[in-house]
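Me: I should like to work through this structure by question and answer. Please show the sequence and the model first.

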Amino acid sequence: MTERNAGADEHVHATESGINVERVYGGPLGDDVVERLGEPGGFPFTRGIHPTMYRQRPWTMRQYAGFATAEETNARFRYLLAAGAPGLSTAFDLPTQLGLDSDDPLAAGEVGRVGVAIDSIDDMKRLFDGIPLDEVSTSMTINAPASVLLLLYQLVAEEGGADPKELRGTIQNDVLKEYVARGNYIYPPVPSMRLTTDTFAYCDAELPRWNTISISGYHIREAGSTAVQEVAFTLANGIAYVEAALAAGLEVDRFGPRLSFFFNAHNNLMEEVAKFRAARRLWAHIMRDRFGATAERAMTLRFHAQTGGSTLTAQQPHNNIVRVAVQVLAAALGGAQSIHSNGFDEALALPTEESAKLALRTQQVIAAESGIRDTVDPLGGSFYLESLTDEIEARARGLIEDIDRRGGAVECIELMREAIADAAFRHHQEVTAGERTVVGVNALREDDEQPVPLHRIDPSIETNQVERLRRLREARDAAEVEARLADVRAAARGTQNLLPPMREALRARATVGEVCGVLREEFGEYDRMRGDV
């Protein structure tokens, strides 16, 4: 971004986080540069979490998909797998994300719109029909009801003959960022944190290869934060989860390796690469120095990156192809373990098959043809990059320390929300004033744009999904369902792990809404205006 004129032939430049950028960088990187950077695969993991990173194989190309019915999403999954995507990532519709069944009055008009509708184990079976769940890695973007959807996945895998101990994947399960940035919460923070730590403990015993949480900065950035805020607020939430797990009696070296992170990739290439490196280094020190982790895997920040949805423009949408390529490059140069690339049409609708495949091909071209996989941390040692990495780390650490002084992430939900809103407003002002250029929006506009073909959702899917749900309730053993839901209620009132009784209720064909409904009655619902905790 170019700010005010600072001389006849010189302008002041700054990154999106407001870090001033010098005309040229040079000179010594500091006597402690080797210690600060470390070696790839070694503490503090600035240069990557594996010694060889992508030299042996590229990052996982995990394309996000989900819409309408389970059958339609299953077809998109198969299409992406056939196109070479090695991992799946599942988008759920808003009712599912909020623990509501498709026939709930609050679900009207939203069933299958922004993701797939999942009401029961039968829907989950249709979603993964014909896909060997012990051979693919599956991510599920679900938070407040994350444990419920994970249990459905486990039940379907077991019925298909898979060993739960071999299942690989991730649930997002990060409800704190819902309070801070996204809004798809159900219960107050305290019982939500109990569900999170119960999931940690359950997976340690039942699903040891499963990543139990994806601590998400993605939505914090989508809500308008700066890159520095994205790092700071995400790691502050991570600290809160670690503290909750330790308070529940879990061992940091056991649950630490199953923590993962989810970051955004935006357009400022160098700032984004520096952001990922700074986040890795900060987290390594937090886990070792603050929480006493001794296992290296418990100190490593493993992360998935998705290209920035909020950077996509409805104007001249084909320009988004270039934006996505830059963002994939930033994530790969920054050492992501997996990447999702958005379709160019996603500012207008869910991606078509053509745009989804082009987004995947963007990753595949960069992985196969750019040469960035040939060496680890190819930008490492750049005077500019190392300066940015240090500055982002220092600024993010300062924000984390401020959150600590104020009682931690749970106590600072409103503070973080207000800071993000302020940053979003500043960005809007800069674009409106022309201080920040967005090609096709406030510069190089075209008045004769031609529309692009868009993906459309059949409105009849809601009626059909509700009818399926009615038939399920008629066919199941109602008394068995009620008995198993009573077990969930008893667990919620006590201190036992909630997931085993929830699993048995779902096995008996209880619905997502019914299980979440019991917890709603016992835990209450979060009211932002009251700030229930």
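Me: How do the residues of the lining of the second largest cavity divide into nonpolar, polar and charged?

Reply: This is a predicted model, in which local features need pLDDT of at least 70 and side-chain atom pairs count only at pLDDT 80 or more, while totals for chains, interfaces and linings use all residues. Residues are numbered from 1 along each chain as its sequence is written, and side-chain values use heavy atoms, with hydrogens and water left out. A cavity is a set of points, on a 1 Å grid over the protein atoms alone, where a 1.4 Å probe fits but cannot get out, and its lining residues have an atom within 4 Å of a point; Ala, Val, Leu, Ile, Met, Phe, Trp, Tyr, Cys and Pro count as nonpolar, Asp, Glu, Lys and Arg as charged, and the others, Gly among them, as polar. On that basis, the lining of the second largest cavity divides into 6 nonpolar, 5 polar and 2 charged residues.

Me: Which element gives the largest share of the lining of the second largest cavity?

Reply: The second largest cavity holds about 60 Å³ of space, a volume being the space filled by probe spheres set on grid points that are joined across faces, edges and corners. It is lined by 13 residues, with Gln63, Tyr64, His340, Pro351 and Ala356 closest to its centre. Strand E4 (60–65), helix H2 (70–82) and helix H14 (353–369) each give two or more residues to this lining; helices (H or I, at least four residues) and strands (E, at least two) are DSSP runs, numbered from the N terminus. The largest share is 3 residues, and the element that gives them is E4.

Me: How much space lies in the largest cavity?

Reply: The whole structure has 5 cavities of 30 Å³ or more. The largest has 17 lining residues, and those nearest its centre are Met53, Tyr54, Ala332, Asp377 and Pro378. This lining is made up of 7 nonpolar, 5 polar and 5 charged residues. The space in the largest cavity is about 100 Å³.

Me: Which helix gives the largest share of the lining of the second largest pocket?

Reply: A pocket is an open set of grid points with protein on both sides within 12 Å along at least five of seven lines, and the second largest one contains about 760 Å³ of space. Its lining has 32 residues, of which Glu16, His427, Val431, Arg436 and Val438 lie nearest the centre, and by class there are 9 nonpolar, 15 polar and 8 charged residues. The largest share, 8 residues, comes from H16.

Me: How many of the 12 residues of H20 are buried?

Reply: Helix H20 covers residues 512–523, and its end C-alpha atoms are 16 Å apart, in agreement with the expected 16 Å at 1.5 Å a residue, because the expected span is 1.5 Å times one less than the number of residues. The cover over its buried residues includes helix H5 (146–159), helix H7 (189–206), helix H17 (460–475), helix H18 (478–493) and helix H19 (499–507). Buried means under 20% relative accessible area, exposed over 50%, and partly exposed in between (1.4 Å probe, protein chains only). The buried residues of H20 include Val512, Cys516 and Phe523, and their number is 10.

Me: With which side chain does the side chain of Tyr179 make a polar contact?

Reply: Tyr179 lies in helix H6 (residues 176–182) and is buried, with a relative accessible area of 1%. Beyond its neighbours within four places in sequence, its contacts (heavy atoms within 4.5 Å) include Tyr187, Ile413, Arg417 and Tyr526. A polar contact is a pair of N or O atoms within 3.5 Å; within protein, one must be able to donate a hydrogen and the other to accept it, and residues adjacent in sequence count only if both atoms are side-chain atoms. At 2.9 Å, the partner of the Tyr179 side chain is that of Ser192.

Me: Is Gln316 buried or exposed?

Reply: Most residues other than glycine have a negative phi. Gln316, however, has a positive phi near 45°, and its place is in the loop between E11 (303–307) and helix H13 (319–333). Its relative accessibility is 11%, so Gln316 counts as buried.
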